[in-house]
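Colleague: I am new to reading protein models and would like a close look at one part of this one. Could you walk me through the sheet, and then show me what lies around it in the chain?

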Amino acid sequence: MLPVRPIESPRCTACSLIFYPPAPLCPGCWSRDLEWVALSGRGTVNSWVVFHQAYLKGYEGEVPFNVAEVTLAEGPRLMTNLVGGAND
C-alpha cells in the first residue's frame, strides 16, 4: 500500500481555477501563471464499480478491487480507489 500523501493540484493565479489533470496552462483562461495547492481530500462519489475479474494480467492478484469517480470539494474530478470498505 502506498503512503498517504496530501492531494495537490494546480491553481491558476489569474482566475483561481483549480484543475486536474495538470497542464502547462489554465483550461479556463489559458494563463500560464499557476501554483500548486493542497486539496482537502473531501468530495462526492459520483459513481463506483467493483471489478471481480482481472481484465489485465497485472491485476490478477488484486481482484476484487474498486474504482470510483469523485468530484473533489475544490472542483476537480478524478478516478481513484475507495479504501476502508469491503469489495464484495
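Modeller: What follows is a tour of the sheet, and after that of the strands and loops that come before and between its strands. Please keep in mind that this is a predicted model.

Let us begin with the layout. The sheet is open and has 3 strands, in the order β3-β4-β5, with antiparallel pairing. β3 covers residues 43-51 and β5 covers residues 77-80; these two stand at the edges with a single partner strand each, so one side of each has no neighbour in the sheet. On average, neighbouring strands here are turned by 15 degrees against each other, if direction is ignored. A general point helps when you look at such a picture: strands of a sheet pair through backbone hydrogen bonds, and they can do this in a parallel or an antiparallel way.

Now take the two pairings in turn. β3 and β4 run antiparallel, and 8 bridges join them, with β4 spanning residues 65-72. To find your place on screen, look for V50, whose bridge partner in β4 is N66. On the other side of the pairing scheme, β4 and β5 are also antiparallel, over 4 bridges. A good landmark for this pair is E69, which has M79 as its bridge partner in β5.

E69 deserves a second look. Its side chain forms a salt bridge with R77, where the closest N and O atoms are 3.9 Å apart. The cut-off for a salt bridge is 4 Å, so this pair is counted. E69 is partly exposed, because its relative accessibility is 23% and buried would mean under 20%. Between β4 and β5 there is a hairpin with 4 residues between the strands, and in it G75 takes a positive phi near 120 degrees.

Back on β3, which residue of this strand helps to make a nonpolar surface patch? V45 lies in β3, and together with W48 and L82 this valine makes a nonpolar patch of about 290 Å² on the surface. V45 is partly exposed, with 40% relative accessible area.

Next, the chain ahead of the sheet. Strand β1 takes in residues 8-12, and P10 is found there. Is P10 buried or exposed? P10 counts as buried, because its relative accessibility is 3% and the limit for buried is under 20%. Which residues touch P10, once its neighbours within four places in sequence are left aside? The contacts are L17, I18, F19, P22, E35 and W36. You can also see how the chain comes back towards this proline: P10 and Y20 are 10 residues apart along the chain, and their C-alpha atoms are separated by 7.3 Å.

One of those contacts, E35, leads us to another salt bridge. The model has 2 salt bridges in total, and in one of them the side chains of E35 and R11 meet at 2.6 Å, N to O. This pair links distant parts of the chain, since E35 sits in strand β2 (residues 34-38) and R11 in strand β1, 24 residues apart. Both ends are partly exposed: E35 has a relative accessibility of 32%, and R11 has a relative accessible area of 29%.

Last come the loops, where some backbone details stand out. In general, most residues other than glycine have a negative phi, and most peptide bonds are trans. Keep that in mind for the loop between β1 and β2. S16 lies in this loop, and its phi is near 70 degrees, a positive value in a residue that is not glycine. W30 is placed in the loop between β1 and β2 as well, and has a positive phi of about 70 degrees although it is not a glycine. S16 counts as exposed, with 51% relative accessibility, and so does W30, at 66%.

Where are the cis peptide bonds placed? The bond from Y20 to P21 is cis, with omega near 5 degrees, and P21 has its place in the loop between β1 and β2. A cis bond also joins V63 and P64, with omega about -5 degrees; P64 is in the loop between β3 and β4. That second loop brings us back to the sheet, where β3 and β4 are joined by 8 bridges.

Terms used:
Residues are numbered from 1 along each chain as its sequence is written. This is a predicted model: local features need pLDDT of at least 70, side-chain atom pairs count only at pLDDT 80 or more; totals for chains, interfaces and linings use all residues. Side-chain values use heavy atoms; hydrogens and water are left out. Two strands pair if DSSP finds at least two bridges between them. Axes are lines fitted to C-alpha atoms, for helices over the stretch in contact, and angles run from 0 to 180 degrees between N-to-C directions. Patches are made of residues with over 30% relative accessible area and no salt bridge: like charges are joined within 9 Å, nonpolar side chains (Val, Leu, Ile, Met, Phe, Trp, Tyr) within 5 Å. Accessible areas come from the Shrake-Rupley method with a 1.4 Å probe; for residues, only the protein chains shown count as cover. Buried means under 20% relative accessible area, exposed over 50%, partly exposed in between (1.4 Å probe, protein chains only). Contact means heavy atoms within 4.5 Å.
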